[in-house]
Amino acid sequence: MRSLPDADPGLPDIRSPFRYLWWNARRQSRALLAGIAFATTWWLAQALVPAALGMGIDALRLKDTGALLAWSGILLGLGLVQAFTGIMRHRFAVYNWLSAAYRTVQLTTRQAARLGATLSKRLSTGEVVSVGNSDIAHIGSSMDILLRGTGSVVAIVAVTVILISTSPVLGLMVLIGVPVMTAAVGPLLRPLHRRQKRQRDLTGDLATRSADIVAGLRVLRGIGGEQVFAERYREESQRARHAGVGVARVESLLEGAQIVLPGLLIALVTSVGAAFAVDDRITVGQLVTFYAYAVFLVAPMRTITEAADRLTKGHVAARRVVRILSIEPEVTGGTGSTAGGVLRDSHSGVTLQPGSLTALAAARPEDAISIADRLGHYSDGDVTFGSADLASLPVEEVRARILVADNGARLFTGTLRDELDVRGTATPELISRAMHAACAEDIVEALPDGLDAQVAEAGREFSGGQQQRLRLARALLADPEVLILVEPTSAVDAHTEARIAGRLAAARRGRATLVCTTSPLVLGRVDHVIYVEDGRVQAEGTHRDLLTTCPAYAATVTRGET
């Protein structure tokens with residue numbers, strides 16, 4: 001069997017859950033059709049067994065050795081067909097499950113990368129994580145069930161034809177009974193759909209709450225808020241549990257209906273068939289055939305009910321996926337190009353010269369963050385990069401040439417070496433230089449495995465200051481054309497901060513660097529300082545000059561009053 005296909009190079013424009021499931025089915029139509037063909041043959045082979053068995057019993061009763069051998073051979077052949085088609089049906093079922101599930105992972109991952117910072121603003125962490133935790137399984141199952149579901153319908157039609165041709169009364173009983181029983185479970189699907197959606201929403205919220213608690217556990221312990229958040233988590237988990245119990249109630253009714261309703265049909269068909277056999281309206285072999293078919297029909301009918309359940313769950317899961325795929329990024333790029341040069345934000349007047357080490361000191365920290373976002377094209381703004389508007393450049397090019405490193409950046413699970421060298425191309429010497437510039441050598445030396453040590457989720461084994469230095473080393477190792485650092489030393493002690501400030505210029509020599517900070521230790525080591533107040537540049541110069549010529553700047557960096 002072929003390897004799993006990749007998703008489309010571009011993201012599909014899909015706005016409804018049904019269209020998403022249909023699009024998935026079209027993307028793997030060959031595998032689906034092949035699987036349906038094998039599943040249909042598998043079901044038909046099973047459906048013909050009772051008829052062949054009944055004919056064999058009649059041949060035995062009539063002592064017709066030739067017919068008995070013939071029908072025995074047919075039964076053997078049907079068994080072999082079942083074995084082969086059953087294996088192939090299962091292989092294609094697994095393939096279609098994996099294909100649909102992991103295509104969904106590919107699409108949502110690609111969309112997450114495309115959205116960037118927009119994703120976290122529009123959706124919670126738990127809602128996104130739920131796609132990979134549960135939704136892909138339901139979407140995969142909705143593709144898997146199409147094989148057996150389609151084959152079961154064909155099998156029921158074939159059995160009905162056989163029964164009607166043998167006994168119209170019994171055949172009509174089956175023909176009418178199957179749709180009636182299928183329709184009987186219909187009223188359960190709508191409340192199941194509604195309760196499943198509520199459970200998924202609550203589970204996603206609970207995952208978000210868990211992530212927040214784990215990320216802020218150290219702070220919670222410091223302020224004594226563990227009990228408060230534990231109680232909130234307990235309340236939310238109980239709501240999720242009650243929602244799950246509500247889903248289980250409906251599903252238990254559905255499962256019970258799958259047993260009770262076919263059982264009623266079996267009892268009815270068997271009793272009527274027995275009466276017909278007593279009156280010699282059907283043979284003994286035909287009675288066995290009717291009874292076997294009544295028992296056999298339980299499986300395809302259960303499959304039809306299962307198909308309705310899985311397609312319902314797939315529809316609920318697809319709604320969450322479509323919600324993610326329908327989000328548009330807040331900023332987009334163009335097809336322009338530029339050789340680089342001066343990076344300028346027209347709104348604030350902040351200008352960053354090539355090859356310079358510049359500091360941005362803002363009276364309000366949020367102003368510095370807004371300027372950094374505009375310069376990095378994370379929000380719209382009138383920004384030029386050389387001779388071109390920054391918005392006219394492809395987003396991928398902007399991200400490769402301009403790096404904004406703030407304290408919201410995370411450390412991910414893996415080796416520390418891979419965490420720092422995200423491209424996997426840095427030499428040991430370059431890594432050593434970056435660690436030296438960030439004053440992070442002591443962190444590596446304290447680890448038993450050094451750079452090969454495993455980093456836990458979000459780097460929780462490191463202190464706030466250690467994480468900040470590692471993030472700085474990672475940014476320096478990326479060596480972008482323009483590096484914008486937002487408060488890169490806010491969590492380190494004064495001695496370490498002074499060393500980082502002294503080494504930063506050497507590490508970024510020949511490259512443009514903007515440091516957003518109000519730390520005098522850093523401001524005193526840069527080439528140029530820009531002071532911003534109310535979102536606009538108010539003064540520029542060296543740190544020493546601004547201390548004497550701009551009282552507002554002096555008050556900001558010395559934490560004094562104007």
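Where is Cys439 found in this structure? I began my notebook with that residue, and I keep in mind throughout that the model is predicted.

**Entry 1: two residues with positive phi**

I looked up Cys439 and found this residue in the loop between helix H15 (428-437) and helix H16 (441-445). The backbone there has a positive phi of about 55 degrees, although Cys439 is not a glycine. I then checked its accessibility and noted a relative accessible area of 2%, so Cys439 counts as buried, the cut-off being under 20%.

I also looked up Asp280, which has a positive phi of about 60 degrees and is likewise not a glycine. Asp280 lies in the loop between helix H9 (226-278) and helix H10 (284-296). Is Asp280 buried or exposed? Its relative accessibility is 68%, and because the exposed class begins over 50%, I entered Asp280 as exposed.

**Entry 2: the nonpolar cores**

I turned next to the largest nonpolar core, which has 43 residues, and I wrote down the members that touch the most other members: Leu416, Leu420, Met435, Leu470, Leu485 and Tyr553. Helix H17 (residues 464-478) gives the most to this core, with six residues. Which residues is Leu470 in contact with, once its neighbours within four places in sequence are left aside? I listed Leu411, Leu416, Leu420, Met435, Ala440, Ile443 and Phe462. A second, separate core has 31 residues, and Ala25, Leu32, Ile136 and Val321 are included in that core. As background I noted that nonpolar side chains tend to be buried together in soluble globular proteins.

**Entry 3: a nonpolar patch on the surface**

I then looked for nonpolar side chains on the surface and found a patch of about 420 Å², made by Ile164, Leu172, Leu175, Ile176 and Val180. Helix H6 (residues 168-184) gives the most to the patch, with four residues. I checked Leu172 individually: this leucine is placed in helix H6, and with a relative accessible area of 43% Leu172 is partly exposed.

**Entry 4: salt bridges**

I counted 16 salt bridges in the structure and followed several of them one by one. Arg320 forms a salt bridge with Asp135, and the closest N and O atoms of this pair are 2.5 Å apart. The pair links distant parts of the chain, since Arg320 is in helix H11 (residues 298-325) and Asp135 in helix H5, with their positions 185 residues apart in the numbering. I checked the accessibility of both partners, and Arg320 counts as buried at 7%, while Asp135 is buried with a relative accessible area of 0%.

For Arg364 and Asp367, which also form a salt bridge, I noted a closest N to O distance of 3.1 Å. Here Arg364 is partly exposed, with a relative accessible area of 39%, whereas Asp367 counts as buried at 10% relative accessibility.

Arg417 forms a salt bridge with Asp452, the closest N and O atoms being 3.4 Å apart. This pair, too, links distant parts of the chain, with Arg417 in helix H14 (residues 416-420) and Asp452 in the loop between H16 and strand E8 (454-455), 35 residues apart. I entered Arg417 as partly exposed at 30% relative accessibility, and Asp452 as partly exposed at 44%.

Which residues are joined into one network by salt bridges that share partners? I wrote down Asp144, Arg148, Glu306 and Arg310. Of this network I examined Asp144 further: this aspartate is found in helix H5 (residues 125-166), and at 12% relative accessibility Asp144 counts as buried. Not counting residues up to four places away in sequence, Asp144 touches Ala93, Trp97 and Arg310.

**Entry 5: Ser16**

My last look was at Ser16, which is found in the segment before helix H1 (17-27). A polar atom of the Ser16 side chain lies 3.2 Å from the backbone nitrogen of Arg19. I also recorded that the C-alpha atoms of Ser16 and His315 are separated by 9.4 Å, although the two residues are 299 residues apart along the chain. With a relative accessible area of 23%, Ser16 is partly exposed.

Notes
Residues are numbered from 1 along each chain as its sequence is written. This is a predicted model: local features need pLDDT of at least 70, side-chain atom pairs count only at pLDDT 80 or more; totals for chains, interfaces and linings use all residues. Side-chain values use heavy atoms; hydrogens and water are left out. A nonpolar core is a set of buried Ala, Val, Leu, Ile, Met, Phe, Trp, Tyr and Cys residues joined through side-chain atoms within 4.5 Å. Buried means under 20% relative accessible area, exposed over 50%, partly exposed in between (1.4 Å probe, protein chains only). Contact means heavy atoms within 4.5 Å. Patches are made of residues with over 30% relative accessible area and no salt bridge: like charges are joined within 9 Å, nonpolar side chains (Val, Leu, Ile, Met, Phe, Trp, Tyr) within 5 Å. Accessible areas come from the Shrake-Rupley method with a 1.4 Å probe; for residues, only the protein chains shown count as cover. A salt bridge is a side-chain nitrogen of Lys or Arg within 4 Å of a carboxyl oxygen of Asp or Glu. A polar contact is a pair of N or O atoms within 3.5 Å; within protein, one must be able to donate a hydrogen and the other to accept it, and residues adjacent in sequence count only if both atoms are side-chain atoms.
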